[in-house]
Amino acid sequence: MDMPSNRGIFYWLCVAAFSAMMFPGEAQDMSSQNEWKASWIWAQRDAYMPYNDTIEARKSFEVPDAAVSATLKITADTRYRVYINDSWVNDGPSRSWPQQYQYDRIDVSPHIHAGTNTIRIIAKYFGIGTFHQIPQEAGLLAQLEISTSKGGQIVLGTDETWEVRDAAAWLRFAPKQSVQMGPFEIYDARIAPGSFDKAVVRYPVASAPWSNLEERDCPLLTKIPRSFNEATAAHVVRRPAGQTFIFPTADWCYEDVVFSNHHTVTTGAFAVILDMGEEEGSITVDADGQTVFIDGKRAEGNQFQLIKGKHLLYVVLTEYWGHWRNDTEIRLVADKALTLANPKDGSSKAPWCYIPFAKEIGYRFADYEWALMSHDEQERVERHIRQTLRDEMSKPPEVATFADELGGRAQIVQPEETTPAPHYLFKNREPLSGVTAPVDGCESIISGESPVTVSPSPSGDVEIVYDLGEQSVGYYDFELEAEEGLVLDIFGVEYIAPDGSVQHTERYRNGMRYICVEGNNRFTSLMRRSQRYVFMTFRNQTRPAYLKKFTLIESTYPVNESGAFTCSDERLTRIWDISAHTLKLCMEDVFTDCPLYEQTLWVGDSRNEALFNYTAFGHADIAKRCIKLAALSLDRHPLVQCQVPSTWETIIPVWGFLWNIMIWDYYEFSADREFLQWVFPYAMKNLRNAANFSDGRGLFSAPFWNMFDWSGIDDNHATVTHNNMFAVGAIDAAIKIAEVLEKKEDGEWLVAYRDRLVAALNTLWQDDACMYPDSVHKNDVVSEKVSLHNAFLSLLFDIAPENKRDALAAYMVKQPEGMTPIGSPFAILYLFAAMEKMEMHEAVVTRILDAYEPMLALGATSVWETFAGAENYNGKFPTRSHTHAWSSAPLYFLNRIVLGIIPTASGGLQYDISPHLCGLSWAKGSSAGKVGPVSVAWSVDGNVLTVNAKTSEGVALRFIRNDSLSGMKILYNGAEVP
């Protein structure tokens with residue numbers, strides 16, 4: 001197979017054309033396009049796909065009299081922040097596919113006054129793929145429309161009359177924050193901005209690579225200042241030994257936007273001369289798993305003993321696959337002073353060289369494409385890469401040979417093309433015992449009464465730790481009076497263990513670096529970050545600094561907290577509250593998996609979160625938006641992409657099948673038939689394409705990422721049982737949609753496909769295990785492993801025959817030895833749904849307490865990604881992510897079971913009220929609805945249950961007795977229930 005073509009503009013224009021032909025419902029809204037008088041602009045560049053390019057654009061304008069209305073339409077590739085008359089207005093845009101690109105429409109009337117006004121925009125082009133955006137080219141588009149009190153009309157669009165300049169203080173060659181996100185934020189206030197020049201018009205709206213411009217379809221995010229709850233510690237930390245370097249290697253490997261696929265080759269070598277002068281010494285090189293040579297030799301643990309004089313360090317990037325390898329991090333720790341020099345020209349100012357390898361091994365595959373390739377083809381590619389690396393390492397260069405052997409290929413890394421590694425310093429922080437931190441007034445910043453005084457320590461760098469009191473997400477906003485060159489590193493973490501151990505975020509650089517100018521420094525970060533604890537480290541300090549202000553500007557979807565739950569068991573109340581808080585933190589312009597690690601729209605996660613949201617907050621728009629973004633991935637991929645819009649092109653089949661189920665959930669909540677009609681062809685496309693992956697048994701079989709739960713299921717095979725069970729659930733959802741839309745032919749196909757799948761699944765039944773196996777291996781070998789998941793899924797989706805249902809239901813209460821249990825609260829939603837279906841209501845509430853009480857015991861303010869010790873996190877800390885909204889199932893089930901609020905008609909027009917007491921003496925709360933919330937309060941007095949329920953006009957409520965109320969006298973809204 002030839003190397004895949006670069007995914008540049010031409011690729012996406014072709015996709016757009018194909019999409020327009022195949023899905024005319026998504027054709028360009030020309031009336032919307034014609035509203036634009038603005039053009040896409042940027043600063044003058046030789047090329048418009050640079051890595052991490054930040055500019056500032058501005059326009060001053062006159063408003064002759066008071067503004068009656070003022071609307072700003074604005075978008076950018078990739079991010080923008082807009083100020084009007086120095087007031088921070090908004091950050092955006094919302095995430096979207098390039099072929100259905102979105103802009104924000106903002107009412108800016110409060111910011112406009114009569115006279116001279118100025119609009120100023122900071123725009124950043126990532127130039128590299130993320131899990132949120134698919135960058136095309138650097139571009140900014142804005143149009144301000146003003147109506148004045150005397151009938152004047154002003155339309156001000158981006159064009160060549162706007163002024164632009166480089167915002168060079170945001171260091172361009174900083175590494176990525178993580179594989180999921182854009183570049184890490186390093187701001188050097190000492191770098192003065194350049195002079196303004198005329199903007200370059202890149203494209204008129206109609207001919208730009210961002211097509212079919214659509215208005216943002218959910219609200220703008222909040223900006224709510226949050227102060228610290230307390231200062232928890234002040235330390236002096238050991239000053240870091242050695243030197244750190246990070247290089248944006250992927251940007252040098254390719255000339256266009258590098259996607260986030262694992263199967264993207266990032267390789268080459270880095271070289272530098274280490275000059276020991278007249279002394280011998282040792283050096284340790286930490287190259288993050290890459291292969292290290294000094295003077296052509298390797299050493300155990302990369303610890304080298306060096307004689308005096310010059311030595312060549314040569315680092316070969318042998319970890320060539322991996323979407324974490326966009327940048328290269330190298331750390332040098334020597335026991336003696338050494339200097340660095342460039343092996344090509346001897347420069348000490350720019351000591352490093354990068355040596356690219358043969359372009360022929362620059363393979364880039366979408367990960368789902370790689371999965372579908374034959375083993376032989378995969379091995380051919382791997383052999384080609386490995387052989388090239390072996391050839392490059394067969395004779396590593398030395399000081400004397402470098403110029404002759406590699407000088408022609410070597411590229412000098414300019415000083416600004418590398419940065420230090422602040423996150424490495426934080427992750428390896430070492431507080432000094434017995435040393436008092438010279439910090440005065442730590443708590444004063446909370447009240448804002450006076451600044452915190454931080455004096456330098458001769459023993460090390462000074463660190464202050466603050467606790468926000470609960471997990472939060474937003475922008476850092478601070479004011480600091482300091483000397484020029486003082487470095488403030490700010491990092492956030494979710495969890496500090498009872499013994500004081502800090503849980504770092506693996507390869508995620510959850511922080512920023514700010515380098516001060518002399519005097520007062522005022523800054524609001526461009527990136528949203530999540531944490532509970534904030535660490536501030538003052539480096540390179542020679543005199544006192546004064547921290548005058550630090551707040552977190554919380555940024556989430558503006559939720560309507562119309563759902564609620566409290567009861568006589570305080571534990572359940574607290575579990576509901578932290579679940580709701582977690583869900584809010586995972587709501588941006590879409591539902592996200594978590595606010596710290598990824599901030600990514602994982603499609604399977606969003607199904608759970610949308611369901612919980614319908615109870616807690618009642619927002620339909622964000623769920624609809626998630627469904628639509630996932631649907632549009634089918635214009636590009638054979639099945640729904642598992643996170644969207646994203647440059648990690650991978651597929652989790654369960655996530656796609658959950659997307660089908662999510663569509664029906666949305667209709668049940670909203671009764672939005674118009675959207676159902678739009679999305680149904682996509683729903684059918686996902687299922688018809690899935691049917692094309694049928695094996696000889698008739699089972700769905702594909703070599704994708706076939707996970708469902710972090711639990712140890714035997715799922716690393718093409719034919720996985722839970723995939724097929726979820727496919728049945730997806731078909732069931734589509735059948736109901738076909739009935740609503742009267743799609744008879746599609747409905748008949750769906751019923752037939754369902755019958756085939758159910759029959760094939762039941763051929764897998766193992767009588768000896770009384771269970772379905774996890775998977776079928778190659779050569780038709782059935783897995784010896786069984787998991788609880790297949791028991792409850794077979795019940796939930798009506799797959800198991802009637803004579804097997806009781807045995808499967810028993811597993812949900814007590815699993816036999818050897819059966820794989822649930823590992824995450826994500827999967828527990830589907831267990832609870834099956835238990836509710838089997839009328840095991842009290843068992844659900846008991847299981848909620850068992851599962852979530854350990855979180856409460858450790859002071860959790862949000863719910864975790866996994867249960868303690870689950871397969872994907874076996875460290876000393878209880879879980880990897882402490883804020884994961886896929887785990888907020890108590891929101892849904894406590895309201896359904898304890899409050900007994902069950903919607904029975906689409907659009908929230910009818911509910912049954914049927915509470916289960918579950919050993920409680922009282923409970924009250926509400927569930928959000930499309931029309932309005934439904935509130936229930938009940939209490940038990942002896943044998944009398946008093947229930948009061950209310951809702952909006954036009955919504956019907958009906959009380960239903962259940963077995964748990966047997967023998968009780970029931971007073972419902974003041975009348976006895978017969």
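Here are some notes on helix packing, backbone geometry and a few long-range contacts in this predicted model.

1. A good place to start is helix α14, residues 721–741, and its packing against helix α16, residues 788–796. Their axes are 10 Å apart and the angle between them is about 15°. With angles under 35 degrees counted as roughly parallel, α14 is therefore roughly parallel to α16. The crossing of α14 past α16 is left-handed.

2. Which residues make that contact? From α14 come T721, H722, M725 and F726, and from α16 come N790, L793 and S794. Sorted by class, the contact of α14 with α16 has three nonpolar and four polar residues, with no charged ones. In general, an α-helix has 3.6 residues a turn, so residues three or four places apart point the same way.

3. Helix α16 also packs against helix α18, residues 825–837. Here the axes come within 9 Å and cross at roughly 50°, which means that α16 is oblique to α18. This crossing is left-handed too, with α16 passing α18.

4. On the α16 side of this second contact you will find H789, F792, L793, L795 and L796. They meet A827, Y830, L831, A833, A834 and K837 of α18. By class, the contact of α16 with α18 divides into nine nonpolar residues, one polar and one charged. If you are following L793, note that this residue of α16 takes part in the contact with α14 and also in the one with α18.

5. Helix α12 covers residues 653–670, 18 residues in total. From first C-alpha to last, α12 reaches 26 Å, close to the 26 Å expected at 1.5 Å a residue. Is α12 enclosed or open to the outside? Of its 18 residues, 17 are buried, so α12 is largely enclosed by the rest of the structure. Just after α12 comes A671, with a positive phi of about 55°.

6. Now for the backbone. Most residues other than glycine have a negative phi, and most peptide bonds are trans. Two peptide bonds are worth a look in your viewer. The bond from D77 to T78 is cis, with omega near 25°; T78 sits in the loop between β3 (67–77) and β4 (79–84). The bond joining G92 and P93 is also cis, with an omega of about -5°. P93 belongs to the loop between β5 (87–92) and β6 (102–107).

7. Two aspartates have a positive phi as well. D86, in the loop between β4 and β5, has a phi of about 70° although it is not a glycine. D295, likewise not a glycine, has a phi of about 55° and lies in the loop between β20 (291–294) and β21 (303–306). Which of the two is buried, and which exposed? D86 is exposed, at a relative accessible area of 68%, whereas D295 is buried, at 19%. The cut-off for buried is under 20%.

8. K198 is in strand β12, residues 197–198, and counts as exposed at 65% relative accessibility. Its C-alpha and that of W42 are separated by 9.3 Å, with their positions 156 residues apart along the chain. Leaving aside neighbours within four places in sequence, K198 is in contact with E160, W162 and V164.

9. K223 lies in the loop between β14 (214–215) and β15 (224–226). With a relative accessible area of 36%, K223 is partly exposed. How far apart in space are K223 and E554? C-alpha to C-alpha they are 5.5 Å apart, while in sequence they are 331 residues apart. Beyond neighbours within four places in sequence, K223 is in contact with E554 and I553, and also with W88, V89 and N90.

10. Finally, I897 is part of helix α20, residues 889–898. At 0% relative accessibility, I897 counts as buried. Beyond neighbours within four places in sequence, its contacts include E836, H841, V844 and V845. I897 is also in contact with S914, P915, H916 and C918. The C-alpha atoms of I897 and I913 are separated by 9.6 Å, and the two residues are 16 residues apart along the chain.

Methods:
Residues numbered from 1 in each chain as written. Predicted model: local features only at pLDDT ≥ 70, side-chain atom pairs only at ≥ 80, totals over all residues. Heavy atoms only, no water. Axes fitted to C-alpha atoms, helices over the stretch in contact; angles between N-to-C directions. Helix = DSSP H or I, 4+ residues; strand = E, 2+ residues; numbered from the N terminus. Parallel < 35°, antiparallel > 145°, perpendicular 65-115°, else oblique. Left-handed = near helix turned anticlockwise from the far one by under 90°. Contact = heavy atoms within 4.5 Å. Nonpolar A, V, L, I, M, F, W, Y, C, P; charged D, E, K, R; others polar. Expected span 1.5 Å × (residues − 1). Buried < 20%, exposed > 50% of the residue type's maximum accessible area, 1.4 Å probe, protein only.
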